[in-house]
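Please look through the sequence and the model below before reading on. The report that follows takes up charged pairs, a helix and its end, buried cores, rings and cysteines in turn.

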Amino acid sequence: MFDALPLRWVSRMRDQGYFNQFLMAVMVTMPVINFGMLMGWLSPMTPILQSPDGPAPEPISDEVISWMGAGGFLPLILCSIFTGTIADRWGRKFVTMLTGFILLVGWSIMLFSLRPWALITSRLVAGMAGAGCYVVLPMYLKEVASDNIRGALCSLFILSQNMGYLAVYVAGDLLSFKVLLWICTAIPAIFLVGFIFMPETPVFLVKQGKIEQARVALSWLRNTTLNDKNLEEAIQQLQREEEHAKSIEKATLKSLVQDKTMFKAFRIALFVMALQETCGYLVVLIFAGSIFAQASKSINLNLSPNKQTIVVGVIQLLGSIVASCIVEKTGRKWLLAVTSLVTGLSMLTLGLWFYITSMSIWMPGWLPVLAMCLCIFADAAGFQPVPYVITSELFNFQYRGMVSSTVIVVCGLSDFIQIKAFDPLLKLLGIHWIFIIFSFICFLASFYAATCVPETKNKSVEEIYAFLEGKEFKNKEKDNPELGKETSQL
């Protein structure tokens, strides 16, 4: 009986037309998994690289490690400027394949040399793949997903990233340096071979005038026949919106600013992404070891550094799984508001704990560990993934690439500044004030989400913009089921 349950689930997924979409999403997010491994690789490998008996020709200095950590964000900032434009011109599939190839080159450099110049170069090259991961892949997921699973598929983006973190933490604890490096290199190679057979998004194919290819791609994604009535209506809807897109002014940053409603949507996307990136989550991850060390003084929690990172990775992954499961039930708006509030309360607890204990007042050692775990879980369960989902849903095909590029540039710059400024701020303010300041940023994010962010679940761009303008939108497709149940993917 129980053996048949997975088969029944797969059969139901296939009958509802979701199986191929999830398969597509798994393939699309493989570069994100590998990029997560790239970002997490330094944690277990730094002690090995700095060891006199390590695989490097000479022990790697702290300065080189620092530039390896921060250097990955520099190419992300630079490449994100034009990645959206390339995706609009050459296609989502082309940029996704290019992302996998760049990751393959980045890892391969370390296979040939572990000297400081090679390690930094490897991170700089692989960092370029971050632009494809963060700009194009969320758009890819949005454009292949049915409306009622769109949030779940888009949430797989952060889930995959956290899977990459956890995978490299566990593998780093169990496998040798060389074996782990070969595994990290093999993943983008396998992806490049497998993704050749995946289709381009129907949205881009319609834009290119390849209607028959778009029909074939959409029928495969929906697991339906080419003469299906709803499929034909979906294709016609994409054609109508593409004709409308051609009739209006070409998408530029100037035209976006001049359109009041669209500029309002842009401000919302920029603000929720900027708040998510500056919420101090990176600081919590950086300071996790110190939190565990402080806790071990009063409770029996003596974990090795690798075991600590594995615990953090497991919590991240669990939070991401929860996000994928509940985002379609809770909606985007309130999931973002609640998880940012919980993250802020956890940060405030950490700050107050460090402040009180700095005055030689006893506080229970389990409290900062609980606050840290809750912070990591809440962030992964909503505060991380939801802004990406909202950003992909606030704009049509014309503007989606450009807006995503602009937003990711701001976020990448924020990450770089946070990493490089962490030590000076730590010495100037102390860790307690850093956590307290970040907690108020989280509270601001929660308030903004509750009062200003529109609910984008199961809504077309037109419906969202009508809400932003304070108007009522009459959705003819929803009033007349014969016209099909899908809202536009543009």
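## Charged pairs

The structure, which is a predicted model, holds five salt bridges. Side chains of opposite charge can pair when their charged atoms come close. The table sets out three of these pairs, with the distance between nitrogen and oxygen.

| Acidic residue | Basic residue | N to O distance |
|---|---|---|
| Glutamate 143 | Arginine 92 | 2.7 Å |
| Glutamate 212 | Arginine 215 | 2.5 Å |
| Glutamate 393 | Arginine 332 | 2.7 Å |

In the salt bridge between glutamate 143 and arginine 92, glutamate 143 belongs to helix H8 (residues 129–144) and arginine 92 to helix H6 (residues 92–112), so the pair ties together parts of the chain that are 51 residues apart in sequence. Both glutamate 143 and arginine 92 are buried.

The salt bridge between glutamate 393 and arginine 332 also links distant parts of the chain, with glutamate 393 in helix H21 (residues 385–393) and arginine 332 in helix H19 (residues 332–358), 61 residues apart. Here too the partners, glutamate 393 and arginine 332, are buried. Salt bridges that share partners also join residues into a network, whose members are Asp88, Arg92 and Glu143.

## Helix H12 and the residue after it

The salt bridge between arginine 215 and glutamate 212 lies within a single helix, H12, where the two residues are three apart, about one turn of the helix. Are these two partners buried or exposed? Arginine 215 has a relative accessible area of 11%, which is under the 20% limit, and therefore counts as buried. Glutamate 212, in contrast, has a relative accessibility of 53%, and because this is over 50% the residue counts as exposed.

Helix H12 (residues 211–222) is made of twelve residues, and the distance from its first C-alpha to its last is 16 Å, close to the 16 Å expected at 1.5 Å a residue. The buried residues of H12 include Ile211, Ala214, Ala217, Leu218 and Leu221, and among them are also Arg215, Ser219 and Arg222.

Directly after H12 comes asparagine 223, with a positive phi near 55 degrees. Most residues other than glycine have a negative phi. Asparagine 223 is found in the loop that runs between H12 and helix H13 (229–247), and at 35% relative accessibility asparagine 223 counts as partly exposed.

Serine 360 is another residue other than glycine with a positive phi, in this case near 65 degrees. Its place is in the loop between H19 and helix H20 (366–383), and with a relative accessible area of 71% serine 360 is exposed.

## Nonpolar cores

The largest nonpolar core has 131 residues, and of these Trp41, Phe195 and Phe395 touch the most other members. Helix H9 (residues 150–174) gives the most to this core, contributing eleven residues. Another core, of twelve residues, lies apart from the largest one, and its members include Leu205, Ile211, Leu231 and Ile235. Ile211, as already seen, is also one of the buried residues of H12.

## Aromatic rings

How many aromatic pairs does a search of the whole structure find? The search finds 14 aromatic pairs. In one of them, phenylalanine 440 and phenylalanine 443 have ring centres 5.8 Å apart and ring planes at 90 degrees, so the pair is edge-to-face. Phenylalanine 440 and phenylalanine 443 are three residues apart in helix H23 (residues 431–451), which means that about one helical turn separates them. Phenylalanine 440 counts as exposed, at 52% relative accessibility.

Elsewhere, ring pairs link Phe35, Tyr134 and Tyr388 into a cluster. A charge can also be placed over a ring, and lysine 333 lies over the face of tryptophan 334, at 5.6 Å from the ring centre.

## Cysteines

A search of the whole structure finds zero disulfides. Why does cysteine 375 not form such a bond? The closest cysteine sulfur to that of cysteine 375 belongs to cysteine 442 and is 6.6 Å away, which is too far for a bond, because a disulfide needs the two sulfur atoms within 2.5 Å. Cysteine 375 counts as buried, at 0% relative accessibility, and cysteine 79 counts as buried at 12% relative accessibility.

How values were computed:
Residues numbered from 1 in each chain as written. Predicted model: local features only at pLDDT ≥ 70, side-chain atom pairs only at ≥ 80, totals over all residues. Heavy atoms only, no water. Core = buried A, V, L, I, M, F, W, Y, C linked by side-chain atoms within 4.5 Å. Buried < 20%, exposed > 50% of the residue type's maximum accessible area, 1.4 Å probe, protein only. Helix = DSSP H or I, 4+ residues; strand = E, 2+ residues; numbered from the N terminus. Phe/Tyr/Trp six-rings, centres within 6.5 Å; stacked < 30°, edge-to-face > 60°. Lys NZ or Arg CZ within 6 Å of the ring centre and 35° of its normal. Expected span 1.5 Å × (residues − 1). Salt bridge = Lys/Arg side-chain N within 4 Å of Asp/Glu carboxyl O.
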